[in-house]
Each structure stands twice: as C-alpha cells, then as structure tokens.
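Got the viewer open and a hand free for the selection box? Here is a walk through the model, one selection at a time.

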There are 2 protein chains.
Amino acid sequence: MLTYSFENIGHEPMYEYMYRHIRQDILEGRIKADEKLPSKRSFARHLGVSLIVVESAYAQLKAEGYLYSVPRSGYFASSFEPVSQRVPSLLLSGLPEKPDETSYFADFVTSAVEPELFPYALWTRVMRNVIATENEKKLLVESPAAGVSKLRVAISEHLRDFRGITVDPERIIVGAGTQFLYNLLVQLLGRDRIYAIEDPGYLRLGRIYEMNDVTLRPITLDENGIGIKALTDSEAHVVHVMPSHQFPTGIVMPITRRYELLEWASQQSDRYIIEDDHDCEFRLIGKPIPTLQSVDTSERVIYINTFSRSLAPTFRISYMILPSPLVQRFQQKLGFYSCSVSNFEQFTLARFIQDGYFERHINRMRSHYRFKRDLLIRELTTTLGSCVKVQRKESGLHFLLHVDTEMSDEYLVSQMKEQGVRISCISEYFHDGARGNSHTIILNYSGVALEAIPAVISAFAEALL
Amino acid sequence: MLTYSFENIGHEPMYEYMYRHIRQDILEGRIKADEKLPSKRSFARHLGVSLIVVESAYAQLKAEGYLYSVPRSGYFASSFEPVSQRVPSLLLSGLPEKPDETSYFADFVTSAVEPELFPYALWTRVMRNVIATENEKKLLVESPAAGVSKLRVAISEHLRDFRGITVDPERIIVGAGTQFLYNLLVQLLGRDRIYAIEDPGYLRLGRIYEMNDVTLRPITLDENGIGIKALTDSEAHVVHVMPSHQFPTGIVMPITRRYELLEWASQQSDRYIIEDDHDCEFRLIGKPIPTLQSVDTSERVIYINTFSRSLAPTFRISYMILPSPLVQRFQQKLGFYSCSVSNFEQFTLARFIQDGYFERHINRMRSHYRFKRDLLIRELTTTLGSCVKVQRKESGLHFLLHVDTEMSDEYLVSQMKEQGVRISCISEYFHDGARGNSHTIILNYSGVALEAIPAVISAFAEALL
C-alpha cells in the first residue's frame, strides 16, 4: 500500500501534507492513471492517522480533479497525460524557431485556451444528444429575452452546488457575452446615470461605456481596490468592480472593503454595484472570499459571470444575476428582445452543466493552470533571480511580475516583442492613457502552451539580464 | 415517357406551362421521389418543343428544389414526403382538440419554423466535420469584431451567386441577431442622430431605438412605402426601411420610390439608409426588384439580413453590409468588441453555405411555403367567399387578409383567440398605439403546420360567417 511518512511535516496540517504528496505522485506518474487508491479506512489505519485526514485529502484531490470516485468502488487517479507527459518534452525542447517579426509564439495579453484542453468530442456528443432527445419545437423557436429556462435552472443549480450561491433562476439573464450584457445593463439602469469603473482596469470596459454615451468616472484604486471616498465624490450611481480578482492589478478586495462598498450602495435608492466575477472559477489557492452578491442584503448587486473564460473564448455565453427589483424592470423594459444566444448552444450548455461535465472540465483546467503557473513562476524566479518579484499569484489566470529595471515599460514590451513574446504592463491600463512606468508586467498565462515556457524564460533572460 | 399536351396552353410561356405541370406531378406523387426524368434532349424531341424550353423548365424546377441533378446522370425528382403525404391527411383531419384558453394551435403572429423542416442531422454533421477538419486554434480564440473571415467570404460568395450582389467580404459584419446589429448601428452612426422608421412597422424596432435613447420619427407610409416629403420634413439623418417586403403592410417598394429614397440620402453627407431585407429569400412570385444596396452609388445604404429567418429563429446570426466609408469607422470605433456569435456556429454556417446546403434548404423551404400559402389562400377564399380579400401575397412569409366586417379589430382578434388561432391586425403596428380599425389581418404563416389549416379555416368561418 502507498506509504507516506509524516515525520518531516512541520506545521502543515496533516491532510494538506497528504494531499500534496498524493498530488505529486499522480502528476509524476508514480500513481498511474485509473489506478485505484486504498480505501479511506484501510489507508488511515495503515498510516496511523484519523479517518478524517484521509477523507479531507481525498475530497480536496477530487475537487481539484486529481482523483475521481466511482460509487461503491472507491477512488481512482485521474488521467494526466496532457500535463504529465509534456513535462519532460518541455524541459528538453529548447527554443522554437525564431518567430516572425509580427507573430508571437507566446501571448500573455490575449485570453485564450489551449485547443487541446477543450473537450470537443464531449461537447458535440452532448449537442447530438440534445438534438435527439430535446423537444424539437423548443430548439427552433425564438429564445425568450432572459434565455431558456433549462439553462437558467442549470446555472442556478451549479451556483448552489459549487459556489454556495442560492439564486432563483428567474433572476438569471443569459446573453451573448459580457460585452453584450454591459450594453443591456446601460439600457436597464439608464443612460443618464453616472458609471464608475476601476482605474487601472479593462480598457474595453471603458470603451463600451463610452460607446453607450454614459458619463464615465474612472476611480483610482488603492491597495484594497476601489476607494470609497473617491467613489462617493464622483457622484456615480453605478460602480463596476471585479472584487474577486481585479484586472490588471490582481487585487482581491478584502471583506471590509466589500462591506464598505455595499454600505455605499445602500445609501441611495438608485445606486447599484456591477460585480464582474470573470475568472472566479480559477482561484488557485485558499478559500474564496464571499461574493458581494452573496452578502448583499439590500439588493444592489448585479453579478456577472461568463462561460467564455471557463469553457473557451469562442463561446459567447455569459449570464447575470439581477437583484429582485430589477427583474421586473428587465421584463418590462427589455423583455421584448430575443436572447442573443442560439437555443442549440443554450440547451447544450444546460446539459453539459447538469451532467457534471462542466464541473469536471473546470477541475481539470484548474489543475492544469495551477501546474502551469507554478512552473512558470519557478522558472522565472530561478532564472531571473532578484531582478523580478512575483505578485498577486493567488487567484485567477494572471499574476504580476515586478521587474527591477531602468527600462521604460514601452521599451520592455518592445524588447519582448522582438523575442516573440507578447506582454503588457500595468501602466497601459489607465483610462487616461499610459501612466508612467510601472515596471510591472501582467502575465495572463491561460493561452500560453507549456511547451513554450522554456523559450519564454530565455526571452525574459535575454531582455532583462 | 412523360407526356404533356401543349394544346390548351393559351398565352402562358411554354417553359412555364411545362414547369407547372411537372411540379404538380411531383407534388401529387405521379412522379415519384428520386425518379429519373427524361434527358432534356429526348424529352424535347418527344414533346416536339425546342431544347431551350425543357432546359428552362428543368432549371426553374431545380432552383426551387423540385428536381436535383446528378452530374453525368441527369435530373431526378426531389423527395416531398413532408408536403405531399400530408395533403390527404390534412384534408381528412378535421378539427383538433378544443384548445386551452391561453394556448394557440395556430400562431400567425410569431415567426417560427416547423421543426420537421430544419435539417438537424445535416447541421450537426457539418458541425462535426468542422471540428474534425478546422484548425482547432481558430475555433477556440475570440472572434474578431466583424466575425470570422471564412463566414464573411461564404456570405459574399452566396450573395454573388444567388442574389447578384457583389460585395467585398471586408464590408460584411456578423452579429448575434438583427436586434444586436441595430444596437451596434446606433453606436456606429451616433446617438445624436435622428432615426426615422416606417409607420406602421415592427414595434420591436421602435423599442430598440427607444432603448438606445435616440430621437425617433415614425413616418406614415403611402401605398409605395415611406413618403419622401414626410421623411425630409422629419429632419431624420437615418431611415430604417424594409423595401423588399414591408412588415406589416407587405408593400414592395417600387423602383421609382427606391431611387427617390437614394436621392434623399445623397443630399446630405450624414444621411444613411438601413435596408432591412429580412425575408428576401422568400419572394415567391416574380423577379425581385434590385435591393437599394445594389443600386446605391453614393454609399449610403447599410444592408441587413438574417439567418434567423432562413434557417430558424433559434439561430442568432445576422449580418450587415456597410458602405466602404463606414467600414473604417466601424474598425476604429467598434473594432475592440468580440463578435457576439460563437466561432463554432460561424464556421459551421460557413461550411453549410459553401457546400451548397444552405441554398438547397432555402429552395426546399420556398417550395414548402409556396405550397402552404397557396393552400391557405385557396381554402380561405373558397370558404369565406366575398367576405375576405387577400392582399400582398407576392413575397415574403406573410400576406394580408382584408375582412368585410362590422367587428372592431380588437374583437376580431379576441374571437379568433377563443378558437385557438392567434392573429394580429395592421392597426396594432402603429407606433402611437392602436390606430382605429384596419379590418386587415396579417397572416404570418411560416410557423403554422399544414395539418392545422383545416381547423384554421373553420375558426375563421366561425368568427366571420
């Protein structure tokens, strides 16, 4: 039977120590794909630990997709070919061909998904299944403004089971991407409102509000996120924030600031908070802080999330949760629209979620991203040493790399471009144009292949050392 | 060999006479599905007509989907089970169960497609094919604002081959439904512009412009469509029209009025015409009048069309053709958006068009709709006699039924509702609310099953006689 010594455990909780070792054994192939693990009871006896230690370790491993369980049969190791088999080739592969001047072999700016990670076959199987079994009539009619109820129910069940959010499906509105939902929100909340956004922040978000001709107030962030005094002074009615993982700063808004923000909203009857939870599925370390939506008692939070990030950017399916008073306003003002996502995709996604494929996919992706991030950080710090400092690596699909350099941000970006690596710096994300030199690179690593990492490291070494 | 006598032909062109008889033989099963037709040459010799007569008749039958051809083998009759086998059962079926108070067995208001007419299996086969052969990377990245180029090229080729419109794919913008494109157009043309719409017209269109907070001017129609004097007086910058088949009046704008409209647009540099060609694929009689887009020399026409109508309402895929000067403006102002249609659906539709499936589908649908419309009109006029007058039946998927009655429009609608038939009257489509009693019913028949027609006729007889 598998044996782990708890001798050198130090202060680490026993279950975490155990979880970490089993995970490593799976990733490095010592526990093979589909190999059965010892039963919890016999394993606990064997190691001389309490049952709860094994149970906790297994539960964590299962939640993260390293193990899967078969009822009345036990726990088995997941297959990790895509990750574990690539590791050696990655370390041996060396530099790829010198990239074309205008093309990048690694892009840390665009959000993408590595193609081989998307479950194509499964997705089309589910779609065929939907066509074979769903009432054809339902598939071919116009979709109601808020989306088909089957998908809204599936999302609500998913939120309940995996995010601890309880929400009536009636409050869920489905739309073709978050950008589309922002446009809809301006129509819902009013074009005469003042909208506050985070600065620095997603520039596209500012563009969308500008294209909607609303008054826009970028609010400078402090180390805890958007400043309440500046927000109040701005006279904004609506504030658009990313509390679980701000882009680009990576700030996770602490709970105190969250309550201050909710307090701000409750002070006037026409104030709303748009909570953009774009990559909450990819919190990689520690427990998540509750969403604003889940602690909002005065019904002022509009929660937005997307499947473009968790499935692939090709999918233009996002949803928002409206506070109850806005649901009626939505039906009255905007209920005449057709939902902008095809029924085919809505029904397929509903089935994909309800059959458990979505959660399994997320778990696999999370493991993969954690692996990739750890590798990238380890290689960066090993090679570049004291020249760089990794920041905000806890959650989401990007972290920051502060660089000790005399180079301007612009020059640094251009140097990396010459090497075929696309990066951006925090200074580029201020709404009034470039703000000095941040010397802080945003590494949005989701679309960068593991195989490209050695070459990325060489490129950084070339530019910085 | 098939024999047709040309004795009683009268003034009808020979090819049309021949086309009409062969069509009838196919529909009524005298020529069986997949039966080979005589070769053009021997058929011409046999009937004693010139080769060109047979060629023209075959070409028309093929274009409309009654025949298909196999290279080096000849012409074969298409399969028409869904239509021809239903005819007898339809005439025997009688009334369905008494419908529930709130449900309709026939809905002449909502645009729908009968489920059995959509080629599900084909669509998913094409999708599987796309996944198997398309570069996976392309499928999973974010789609550029205007859509993937493969689909834009496919649309441009289709327009060239079947609609005689030559247009650079660069000018084609793909979006998740026409409603979405209208929203985008306001952002492109400016929210400070004045927008004119047709009155009566699609009420949802007015709602969308209202939700965009633009100044809206409904312009009363005369018998040729939108009045140029009223339009000029309105000081509108942008006019939104449906020249090929106005909803709800069914007016086909004559060529003279089209040129007057283009002349109006060319008088000031910031005037634009939005040409909404929503059901142009379903012109059922006669040659189409050229689109405004194709006769526009001063680059003021924005052409909009949708696949929601030609495939099924579930699809939220529409496109617009921008005049060249607006293409650059689109890229500058709105190029930051992602296209709102998933890449999967874009690539699948591109293949569906390029492999000829789309045109074949349209042809089949057109035959089906023509058959349904003819049956409906024949039964209505036979049963209701001089009490009704059919109007505007030439094109598109709705026609008008003028009723000689003392009843108010509202009462008529409620009487039909009691019978389980959903109808609407022209008076409901004025932008300032109900406009008197039009006594004119709009019969949007696309989603009404053939089987329902006898009961529809009974319902009308009950309400009107």
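The tour starts at the chain-chain interface, moves to the cores, and ends with some individual residues and salt bridges. Keep in mind that this is a predicted model.

**Stop 1: where the chains meet**

Colour by chain and select whatever on chain A touches chain B, then the reverse. You should pick up 46 residues from each of chain A and chain B. Together the two chains bury about 4500 Å² between them, and carbon and sulfur atoms account for 60% of that area. On the chain B side, show Tyr120(B), Leu140(B) and Phe336(B) as sticks: these lose the most area to chain A, together 17% of what that side buries.

Next, look for the charged links. Two salt bridges turn up across the interface of chain B and chain A. To see a cross-chain one, select Asp213(A) and Arg191(B), whose closest N and O atoms sit 2.6 Å apart in a salt bridge. Widen the search to polar contacts and the count between the two chains is 20 residue pairs, both partners at pLDDT 80 or more.

Which elements of chain B give two or more residues to the side that touches chain A? Switch to cartoon and highlight α5 (120–133), α6 (136–140), α8 (178–189), α9 (203–211), α14 (324–334) and α15 (343–354) of chain B. The largest share, six residues, belongs to α5(B). Colour this side of chain B by residue class and it splits into 22 nonpolar, 11 polar and 13 charged residues.

**Stop 2: the nonpolar cores**

Now hide the interface and go for the greasy parts. The largest nonpolar core has 205 residues, and those touching the most other members are Ile22(A), Phe108(A), Phe460(A), Ile22(B), Phe108(B) and Phe460(B). Helix α16 (residues 357–384) of chain A supplies the largest share of this core, with 11 residues.

Centre on Ile22(A) and show what surrounds it. Ignoring neighbours within four places in sequence, Ile22(A) is in contact with Tyr4(A), Ile31(A), Leu37(A), Phe43(A), Tyr58(A) and Leu61(A). Apart from the largest core there is another one, of 63 residues, and its members include Phe336(A), Leu185(B), Val186(B) and Leu205(B).

**Stop 3: a residue in a strand**

Select strand β6 (residues 215–222) of chain B and pick out Ile219(B) within it. Is Ile219(B) buried or exposed? Ile219(B) counts as buried because its relative accessibility is 3%, and the cut-off for buried is under 20%.

Expand the selection around Ile219(B). Leaving out residues up to four places away in sequence, Ile219(B) touches Ala196(B), Ile197(B), Glu198(B), Asp199(B), Ile226(B), Gly227(B), Ala230(B), Leu231(B) and Ser234(B). For a sense of scale, draw a C-alpha to C-alpha distance from Ile219(B) to His368(B): they are 35 Å apart in space and 149 residues apart in sequence.

**Stop 4: salt bridges**

Over all chains, the count comes to 20 salt bridges. Start with Asp222(A) and Arg257(A), whose side chains meet at 3.0 Å, N to O. This pair links distant parts of the chain, 35 residues apart: Asp222(A) is in strand β6 (residues 215–222) of chain A, and Arg257(A) is in helix α11 (residues 255–266) of chain A. Asp222(A) is partly exposed at 29% relative accessible area, while Arg257(A) is buried at 10%.

Jump to Asp374(A) and Arg373(A), a salt bridge at 3.1 Å, N to O. Here Asp374(A) counts as partly exposed, with 29% relative accessibility, and Arg373(A) as buried, with 3%.

Over in chain B, select Asp192(B) and Arg193(B): their salt bridge has its closest N and O atoms 3.5 Å apart. Asp192(B) is exposed at 60% relative accessibility, whereas Arg193(B) is buried at 18%. Then go to chain A, where salt bridges with shared partners join Asp192(A), Arg193(A) and Asp270(A) into one network.

**Stop 5: a glutamine to finish**

Last selection: Gln293(A), in helix α12 (residues 292–295) of chain A. Gln293(A) is buried, with a relative accessible area of 9%. Beyond residues up to four places away in sequence, Gln293(A) touches Ile165(A), Arg171(A), Glu275(A), Val301(A), Tyr303(A) and Ile321(A).

Conventions. Residues numbered from 1 in each chain as written. Chains lettered and ligands numbered in written order. Predicted model: local features only at pLDDT ≥ 70, side-chain atom pairs only at ≥ 80, totals over all residues. Heavy atoms only, no water. Contact = heavy atoms within 4.5 Å. Buried area = accessible area lost by both parts, 1.4 Å probe. Salt bridge = Lys/Arg side-chain N within 4 Å of Asp/Glu carboxyl O. Polar contact = N/O pair within 3.5 Å; in protein donor to acceptor, adjacent residues only side chain to side chain. Helix = DSSP H or I, 4+ residues; strand = E, 2+ residues; numbered from the N terminus. Nonpolar A, V, L, I, M, F, W, Y, C, P; charged D, E, K, R; others polar. Core = buried A, V, L, I, M, F, W, Y, C linked by side-chain atoms within 4.5 Å. Buried < 20%, exposed > 50% of the residue type's maximum accessible area, 1.4 Å probe, protein only.
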